Amino acid sequence: MSEEVLRLEALRKVYKPGTPLEQEVLHGIDMHLCRGELCALVGPSGSGKSTLLNLIGLLDAPTAGELYLLGRPTRGLQDAARTRLRNEAIGFVFQFHHLIPAFSVLDNVLMPLMIRQGRPAAEHVERARGLLAEVGLEGFAARKASELSGGQQQRVAIARALVTHPALLLADEPTGNLDSRTADAVFELFRRFNARFGCAVLVVTHDPRLAAGCQRQIELVDGRLITYKA
Ligand SMILES: Nc1ncnc2c1ncn2[C@@H]1O[C@H](COP(=O)(O)OP(=O)(O)OP(=O)(O)O)[C@@H](O)[C@H]1O
């Protein structure tokens, strides 16, 4: 049986509870993801996709329910343990890549490892250079991130997300601001790394073509999962 990376049980999120602006955005989400799965999360604007991704990424806490990451329950974790687990287990790719513009491309890719352990080991520098070569940016390691095009910066962000060899890769509209050819190329990288590292990939996308290219599609409507295709 495939190893389970993520399990959500009756996950709920209420924003501003106990105030007149209280809003329940997720109404009890059950799902799981196994190693090697490439899964698209689709749904209309405002349906709660980013909220769900933030909970899964341990960037925000659920109001109720439980979230297991690598078999570990996460609800009761203190901030430091939560941050450690996030850094160990999860890679993130966002629509706006949040690179540090004045840093070199190589240092941007190494950043998650530097946060974890300070100065990176030689093997990690090699790993980062290898990932840069894989995303087609071999000659760009010493360039400043700000000197790259949007598509190139997104590829740097993918290399950065993978440098820790995460069990789970989360991507929120990673191709949202790219033209369709560049978007295809970026998505192809997800497919390749998903196959290569066997990480689980969960990608939020509005692009039905890209969603159709995933093995699984999960659809969120008004805070409920209504489609669950295996
Ligand atoms: N930090 C927050 N505080 C209060 N309400 C929020 C917060 N973040 C999101 N919401 C609300 O939760 C609902 C779902 O938002 P969310 O961003 O999760 O949807 P989405 O499906 O990702 O939308 P989109 O596709 O437009 O990015 C919206 O009504 C939004 O206003």
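**Figure 1. The end of helix α3, where glycine 118 takes a positive phi.** In this predicted model, glycine 118 comes just after α3 and has a positive phi of about 80°. The helix that ends before this glycine, α3, covers residues 105-117, and its 13 residues reach 19 Å from the first C-alpha to the last, which is close to the 18 Å expected at 1.5 Å a residue. Within α3 there is a bend of about 55° at methionine 111, and proline 112 follows within four residues of that position.

**Figure 2. The buried side of helix α3 and the helices around it.** The buried residues of α3 are Val105, Leu106, Asn108, Val109, Leu110, Pro112 and Leu113. These buried residues pack against α2 (79-89), α4 (122-134) and α5 (150-162). One of the residues in α4 is leucine 131, which is buried, with 21 other C-beta atoms within 10 Å. When neighbours within four places in sequence are left aside, leucine 131 is in contact with Val109, Ala159, Leu162 and Val163. Of these, Val109 is itself among the buried residues of α3, while Ala159 and Leu162 are among the buried residues of α5. As a further reference distance, the C-alpha atoms of leucine 131 and aspartate 107 are separated by 13 Å, and the two residues are 24 residues apart along the chain.

**Figure 3. Helix α5 and its enclosure by the rest of the structure.** The end C-alpha atoms of α5 are 19 Å apart, which agrees with the 18 Å that its 13 residues should span at 1.5 Å a residue. Because 10 of these 13 residues are buried, α5 is largely enclosed by the rest of the structure. The buried residues run from Gln153, Gln154 and Arg155 through Val156, Ala157, Ile158 and Ala159 to Arg160, Ala161 and Leu162. Their packing partners are the strands β6 (90-94) and β7, together with the helices α3, α4 and α6.

**Figure 4. Glutamine 153 and its contacts.** Glutamine 153 is placed in helix α5 and is buried, with 20 other C-beta atoms within 10 Å. Not counting residues up to four places away in sequence, glutamine 153 touches His97, Leu99, Ala145 and Leu148. For His97, the separation in sequence can be set beside the separation in space: histidine 97 and glutamine 153 are 56 residues apart along the chain, and their C-alpha atoms are separated by 7.0 Å.

**Figure 5. Two residues other than glycine with a positive phi.** Most residues other than glycine have a negative phi. Lysine 16, however, has a phi near 50°, a positive value in a residue other than glycine. This lysine is placed in the loop between β1 (4-15) and β2, and lysine 16 is exposed, with 9 other C-beta atoms within 10 Å. Histidine 165 likewise has a positive phi of about 50° although it is not a glycine. The loop that holds histidine 165 lies between α5 and β7 (168-172), and with 12 C-beta neighbours inside 10 Å this histidine counts as exposed.

**Figure 6. The shell of residues around the ligand.** The ligand is surrounded by Tyr15, Lys16, Gln23, Val25, Gly43, Ser45, Gly46, Ser47, Gly48, Lys49, Ser50 and Thr51. The elements that give two or more residues to this shell are β2 (23-34) and α1 (49-56), and the largest share, 3 residues, comes from α1. By residue type, the shell divides into 2 nonpolar, 8 polar and 2 charged residues.

**Figure 7. Threonine 182 in helix α6, and the protein as a whole.** Threonine 182 is found in helix α6, which covers residues 180-197, and with 17 C-beta neighbours inside 10 Å this threonine counts as partly exposed. Its C-alpha atom and that of leucine 106, a residue 76 residues apart from it along the chain, are separated by 21 Å. For orientation among the close-up views, the protein has 7 helices and 10 strands. Its radius of gyration is 18 Å, close to the 17 Å that the globule rule gives for 230 residues, so the protein is as compact as a globular protein of that length. The C-alpha atoms fill a box of roughly 50 × 45 × 40 Å, taken along the principal axes, and 39% of the 230 residues count as buried. Among contacts with a separation of 6 or more, 71% are accounted for by residues 24 or more positions apart.

Definitions and conventions. Residues are numbered from 1 along each chain as its sequence is written. This is a predicted model: local features need pLDDT of at least 70, side-chain atom pairs count only at pLDDT 80 or more; totals for chains, interfaces and linings use all residues. The expected span of a helix is 1.5 Å times one less than its number of residues. The bend at a residue is the angle between axes fitted to the seven residues ending there and the seven starting there. Two residues are in contact if their C-beta atoms, placed from the backbone, lie within 7 Å. The radius of gyration is taken over C-alpha atoms; the globule rule is 2.2 Å times the number of residues to the power 0.38. A residue is near a molecule or strand if its C-beta atom, placed from the backbone, lies within 6 Å of it. Ala, Val, Leu, Ile, Met, Phe, Trp, Tyr, Cys and Pro count as nonpolar, Asp, Glu, Lys and Arg as charged, and the others, Gly among them, as polar.
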